[in-house]
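Colleague: I have this one open in the viewer and would like to learn how to read it. Can you walk me through it?

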Amino acid sequence: MIEVCRVGKKFQSTTRGVTAALRDMSLTVEDGEFVCLVGPSGCGKTTLLNLIGGLERPDDGEVRVHGKRVRGPGPDRGVMFQDAALFPWLSVAENVAFGMKELRLSRAVREARAKKYLDLVKMSGFAKAWVHELSGGMKQRVALARALALEPDILLMDEPFGALDPKSRDALQAEIVDIWQKTHKTIVFVTHDMAEAVRLGSRVIVLRARPARVACDVDLAARLPQPRHVDQAEVVELAAQLKGELDETGEHEAVDGDGHGDDDERPQATAASSSGAGRLVAWMGLHL
Amino acid sequence: MLPGPDGVVKMLGHTLRDGELPRAIMTSLYRLFVGYALSAGAGITLGVALARMSWLRAAVGPLVVGLQALPSICWLPLALLWFGLSEKAILFVVVMGSLLSITIATEGAVRAVPTMYIRAARTMGSRRLRLYTRVILPAALPGILTGLKLGWTFAWRSLMAGELLYVAGGLGQLLTLGRELGDMARVMSVMVVIVILGLGFERLLFGSVEKRVRERWGYAQAEAS
């Protein structure tokens, strides 16, 4: 179980001063769920994932995994990024075995597991290939095998299919659902693509921007059984509906905190009564 | 006036046979390898430290860049004062000639290592020293190799300059000897040896390695497109 408890995270940037990426964020992910975090860019979804992964530390609150406070990254949580981040100085099989070597597993175990997971992602024919010989989709398959090879309970995925062509993306979406069903892993999957979230998740959490808040939290496990497809009518319909939800709850991506966390409450009061550009102007006026 | 090629070849044969040239070659190569090994080790260490520690960069970064502008032979007077007329003095000049270029190239290469490699490795449990040996250094290898190659050339040049000025065996001294005897064929034959050794070792040490590394790391493709 992943528990995010009243977490806050601020970032210092040279142009904007301090921005609150997350404030007072709480959510719980049960074992075996496939949770999609979806929202516009800059809504803090990647930050949230990094906090769970232990790559960043929260300023306030805490993140617990299986009841234990997260203090750093660990092999119990496999991570996949938008960029495969494979190491070009290693062969495909060596890349998959990288983390197992850090865990000091024996050579026999490393080789057996590398083979097993390369089989699972349908890349067994490329074990000896070099990274620069692979296509984008193949790289992500290897990255998936690398994350799975440590046999983590939790898989954290940060827009892993975002940079792929539609065909590869489609194939990988089908495969990740398949792997999830076979292995019962807990998956937290970040995307900005609503259709992808609805197509994949057993639960979809829609986030709204700065600071990130949960706009809605939908359980799809019963409503839309897998296998689904992005073009399926129910998926398209639900994605559109959730997108609408996001707009209604006051999406103002362009409007950014000016460095004073306390002021973040004010624009929302203004936002409720105006729309789009007008809202932006109204808020800026308020600050000037 | 220049001596004819036949005169140079004859002189080469002569000095090779009487053992003068082989002795000088061995003396120079020994100095070169020891000095280069020292500066490669120190240069890579210092470069990594500079790249990863901003306080160190703030403290000695400008000094490193500034000193690189100093031709290495300018260290010779100081080296002679410190170490006297000894092997240490000439090794010091060789080290100062190649150390900083290796340091600067390593620093640049390590700072250019994509953070995603480091993040990915951390999620798989890499920490501290292993993060360096298994991720940062391999990722920076193409840039470090460029620095090592440059450092090799500088080490060779510094050594020759040092041996020309400070007489104690080696190919540089043979050059000086040739000038003193007014024997142009002798001077030319030593120059030919210096060119062959310099080129030969550069090819041997870096030729195929650098190309293969650049290909595998994906730089060759990036340049082609």
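Modeller: Sure. Let's start with a term we'll need for the strands: a residue is buried if 20 or more other C-beta atoms lie within 10 Å of its own. And keep in mind that this is a predicted model.

Colleague: OK, let's use that term. How many residues of β7(A) are buried?

Modeller: Five of the five, so β7(A) is largely enclosed by the rest of the structure.

Colleague: Which residues sit on each side of β7(A)?

Modeller: The general idea is that side chains in a regular strand alternate between the two faces of the sheet. Here A:I154, A:L156 and A:D158 are on one side of β7(A), while A:L155 and A:M157 are on the other. Each of these residues is buried, and both faces of the strand are covered.

Colleague: What runs alongside β7(A) in the sheet?

Modeller: Read the strand order: β6-β7-β8-β3-β9-β10 in chain A, six strands in an open sheet with mixed pairing. The edges are β6 (77–80) and β10 (213–219), each pairing on one side only. From one strand to the next, the twist averages 15°.

Colleague: And the neighbours of β7(A), how do they pair with it?

Modeller: On one flank, β6(A) runs parallel to β7(A), joined by four bridges. On the other, β8 (residues 186–191) of chain A is also parallel to β7(A), with five bridges. A:M157 is a handy marker: A:M80 stands opposite A:M157, and A:M157 stands opposite A:F189 in β8(A).

Colleague: How does the chain get from β7(A) to β8(A)?

Modeller: Through helix α5 (residues 166–183) of chain A; the three elements make a right-handed β-α-β unit. Another helix to look at is α4 (residues 136–149) of chain A, which lies across β6 and β7 (154–158) and runs at about 170° to β6(A).

Colleague: What about β3 and β9 of chain A, in which sense do they pair?

Modeller: Parallel, over four bridges, with β3 covering residues 34–38 and β9 residues 203–208. As an example, A:V38 has A:V206 as its bridge partner in β9(A).

Colleague: Now chain B. What is it made of?

Modeller: Ten helices and zero strands. Its C-alpha atoms fill a box of roughly 65 × 45 × 25 Å along the principal axes. Of its 225 residues, 40% count as buried. Among chain B contacts between residues at least 6 apart in sequence, 76% join residues at least 24 apart.

Colleague: How many residues does chain B bring into contact with chain A?

Modeller: People often give the size of an interface as the accessible area lost when the parts come together. Here we can count residues instead: 16 of chain B touch 19 of chain A. On the chain B side, the elements giving two or more residues are α6 (115–123) and α7 (128–165), and α6(B) has the largest share, six residues. By class, that side has seven nonpolar, five polar and four charged residues.

Colleague: Last one: where in chain B is the pLDDT lowest and highest among the elements?

Modeller: A general rule helps: where pLDDT is low, the predicted coordinates should not be read in detail. Chain B averages 89, and 96% of its residues score at least 70. By element, α10 (residues 219–224) of chain B has the lowest mean at 49, and α2 (residues 20–52) of chain B the highest at 94. Residues 221–225 of chain B fall below 50, and beyond near neighbours in sequence that stretch has one contact in the model. For the model as a whole, the scores are ipTM 0.78 and pTM 0.79.

Methods. Residues numbered from 1 in each chain as written. Chains lettered and ligands numbered in written order. Predicted model: local features only at pLDDT ≥ 70, side-chain atom pairs only at ≥ 80, totals over all residues. Pairing = 2+ DSSP bridges. Axes fitted to C-alpha atoms, helices over the stretch in contact; angles between N-to-C directions. Contact = placed C-beta atoms within 7 Å. Buried ≥ 20, exposed ≤ 12 C-beta atoms within 10 Å, placed from the backbone. Nonpolar A, V, L, I, M, F, W, Y, C, P; charged D, E, K, R; others polar. pLDDT = per-residue confidence, 0-100. Right-handed = clockwise from strand over helix to strand, strands pointing away.
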